[in-house]
Protein chains: 2
Amino acid sequence: MKELLNLMEYRPSVKVIDATLRDGGLVNDFYFTDEFVKALYETNIKAGVDYMEFGYKASTEMFDENKFGKWKFSKDDDIRAIVGDNNTNLKISVMADVGRCDYKNDIINKADSPIDVVRVATYLNTIPAAVDMIEDAAKKGYEVCCNIMAISNGQESDLRAALDILGKTPVDVFYIVDSYGSLYPEQIERLAGIYSEFAAKYGKKLGIHAHNNQQLAFANTIEAVGDGVDWLDATYSSMGRGAGNCAMELLLGFLKNPKYKPYYAIQFVEQYMNKLKAEGVVWGYDLQYMMTGQLNQHPRTAIQFTKEKRTDYSEFYKEVVAQD
Amino acid sequence: MKELLNLMEYRPSVKVIDATLRDGGLVNDFYFTDEFVKALYETNIKAGVDYMEFGYKASTEMFDENKFGKWKFSKDDDIRAIVGDNNTNLKISVMADVGRCDYKNDIINKADSPIDVVRVATYLNTIPAAVDMIEDAAKKGYEVCCNIMAISNGQESDLRAALDILGKTPVDVFYIVDSYGSLYPEQIERLAGIYSEFAAKYGKKLGIHAHNNQQLAFANTIEAVGDGVDWLDATYSSMGRGAGNCAMELLLGFLKNPKYKPYYAIQFVEQYMNKLKAEGVVWGYDLQYMMTGQLNQHPRTAIQFTKEKRTDYSEFYKEVVAQD
């Protein structure tokens with residue numbers, strides 16, 4: 001389903017989602033300055049980005065508000081302090097994790113909230129809980145995505161069963177999530193084929209969230225858009241957990257819709273992202289993430305390796321290869 | 001022509017070519033220590049790499065030997081000082097540039113040389129000179145590749161004409177070279193289709209040499225192998241001009257032929273490549289290379305930007321977008 005001869009055209013249904021605060025927040029415990037967040041918001045508007053994800057709606061019962069920046073909780077008032085009434089084309093999203101979000105209380109009616117989209121993140125084995133969250137968010141008036149995480153470790157038959165259940169809910173978008181950065185473009189094509197079957201059956205849209213463990217986050221994202229996937233996650237400078245995500249500046253340079261303006265993405269990277277790196281916030285492709293990606297493992301061992309500032313990569317290789 | 005369901009298998013005709021000294025030499029003027037080169041040679045043997053490119057056969061009339069390390073000239077005696085009689089499975093290659101190599105004199109008969117393969121690098125507008133070099137090298141007993149550079153800037157009809165001429169020579173391998181790192185996997189697929197036509201017609205093999213300007217060197221290389229391309233260039237830590245090349249450690253982790261041993265690649269990166277970086281040798285993906293790649297331009301402006309240690313990326317963007 002590649003759009004081989006259509007690289008010069010664009011598909012108006014394609015949407016770009018900036019996940020810098022949300023996935024990037026995983027590497028700095030969500031401690032972004034308000035100046036950074038405001039500049040990011042302004043950049044997204046100027047660059048033509050379609051959605052900006054502010055962070056997680058994490059339960060304040062489960063997580064100590066003193067141990068994280070505010071975007072782990074993404075309270076409506078904090079969002080409003082940045083965006084006001086958000087009279088722009090940029091829509092606002094938050095992520096709600098199954099089992100870690102007090103959604104009945106913390107997600108209020110859309111009519112009273114600056115948020116436009118709720119993205120429900122689930123594993124294959126928590127689909128019924130995700131369904132409950134999806135129904136709650138849809139009833140409250142939100143656009144709803146369902147991000148099925150870690151599918152590279154799941155069974156294809158379970159994935160089909162999950163999509164068939166989700167198809168019957170009011171969810172708007174099914175997301176392919178390569179949590180471990182282990183998938184190759186050929187596998188994205190196959191997965192997009194499966195997702196497309198159910199998207200067609202139930203009238204849903206598709207999205208992709210890629211990780212850069214094997215330097216394939218951008219490649220997998222453009223593979224997916226060629227396969228009919230419309231919602232594309234990206235972060236400035238690839239900022240995100242471990243090896244990070246698809247780089248916004250690469251993606252906006254690739255997409256041909258004239259509403260996207262890569263210049264503003266480059267300017268933001270120059271002024272803000274490179275400063276974050278210089279200040280010592282660490283993310284991005286490195287050997288330890290490559291190895292867990294190649295082995296289709298959760299990156300937690302690689303994140304630990306990074307935190308400990310280890311450089312004995314070959315020793316680490318022996319550790320992760322031997323894991324069972 | 002993707003090998004969608006064959007990711008678990010391998011094609012025995014696939015060859016891995018280590019181009020670290022040759023393309024990497026472009027960023028340190030070929031000043032590698034003998035210790036480095038010996039360790040690289042030993043690593044390639046242990047890792048199961050098929051070919052090791054030592055460097056260029058540059059003309060000593062045209063280039064001052066005092067201004068470059070020895071691998072710009074790759075004299076047979078210097079190679080022999082590293083490899084002895086090279087009684088191993090690792091074959092030795094050198095690159096000969098059209099117009100910059102005194103091949104009649106500097107490339108001797110294979111029977112008297114440690115070199116196995118001569119890779120002739122040409123542009124589309126110097127094909128007749130390349131043909132002369134190919135015939136010379138083949139007559140002397142070498143395996144011969146022809147690397148057609150900068151094809152992202154060429155006309156498809158010229159490329160077809162060139163392949164039709166080259167097909168009639170004794171060249172063994174046609175190389176797709178993405179000199180500017182500007183090609184997307186979909187374009188690699190199309191180009192591989194054109195190359196395959198002529199490879200089939202004349203009984204030639206195909207190769208790919210990718211650059212990482214858009215973080216697509218690895219993605220384009222695995223796209224190509226799925227499209228029937230057998231000779232795959234890679235460098236340790238992606239070391240190469242500008243944004244560098246396809247990383248050896250990514251490629252060996254992807255290929256399923258059990259003769260490839262990624263552990264030794266990781267060990268070499270840990271012990272040698274990271275040291276080079278720490279010593280201040282600069283290469284690899286960065287915004288300035290992304291921009292020239294996106295714009296399908298020669299990276300020379302980006303290399304200059306890097307040399308001048310500029311960080312005004314958005315200013316640079318305005319400079320390169322305006323180029324004509």
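Author: A word before we start: two residues are in contact here if their C-beta atoms, placed from the backbone, lie within 7 Å. This is a predicted model, in which local features need pLDDT of at least 70 and side-chain atom pairs count only at pLDDT 80 or more, while totals for chains, interfaces and linings use all residues. Residues are numbered from 1 along each chain as its sequence is written, with chains lettered from A and ligands numbered from 1 in the order in which they are written.

Reader: Thanks! What rotation superposes chain A on chain B?
Author: Copies are superposed by least squares on the C-alpha atoms of residues with pLDDT of at least 70 in both. The fit of chain A on chain B has an RMSD of 0.0 Å and a shift along the axis of 0.0 Å, with a rotation of 180 degrees. The two copies are thus related as by a two-fold rotation axis. As for the surface, the same one serves both copies, and the share of contact residues of chain A that recur in chain B is 100%, while the rotation asked for is 180 degrees.

Reader: How many residues does each chain bring to the contact?
Author: Both chains take part, and the counts are 32 residues from chain A and 33 residues from chain B.  By class, the side of chain A has 16 nonpolar, nine polar and seven charged residues; Ala, Val, Leu, Ile, Met, Phe, Trp, Tyr, Cys and Pro count as nonpolar, Asp, Glu, Lys and Arg as charged, and the others, Gly among them, as polar. So to your question, the contact takes 32 from chain A and 33 from chain B.

Reader: Which element gives the most to the side of chain A that touches chain B?
Author: Helices (H or I, at least four residues) and strands (E, at least two) are DSSP runs, numbered from the N terminus. Among the elements of chain A that give two or more residues to this side are helix H7 (185-202), helix H8 (217-226) and helix H10 (262-278). With six residues, the one that gives the most is H10(A).

Reader: How do H2(A) and H10(A) run, roughly parallel or roughly antiparallel?
Author: Helix H2 (residues 34-47) of chain A packs on H10(A) at an angle of about 165 degrees, with the axes 9 Å apart. Axes are lines fitted to C-alpha atoms, for helices over the stretch in contact, and angles run from 0 to 180 degrees between N-to-C directions. Angles under 35 degrees count as roughly parallel, over 145 as roughly antiparallel, 65 to 115 as roughly perpendicular and the rest as oblique. That makes the pair roughly antiparallel.

Reader: Is the crossing of H2(A) and H10(A) left-handed or right-handed?
Author: A crossing is left-handed if the near helix is turned anticlockwise from the far one by less than a right angle, and right-handed if clockwise. The residues that meet include A:Phe36 and A:Leu40 in H2(A) and A:Phe268 and A:Tyr272 in H10(A). The contact has eight nonpolar, one polar and one charged residue. The crossing of H2(A) and H10(A) is right-handed.

Reader: In S4(B), what is the bridge partner of B:Val94?
Author: In chain B, eight strands close into a barrel in the order S1-S2-S3-S4-S5-S6-S7-S8, with parallel pairing, and the twist averages 25 degrees from one strand to the next. Two strands pair if DSSP finds at least two bridges between them. Strand S3 (residues 91-97) and strand S4 (residues 117-122) of chain B are joined by five bridges. In S4(B), the partner of B:Val94 is B:Val118.
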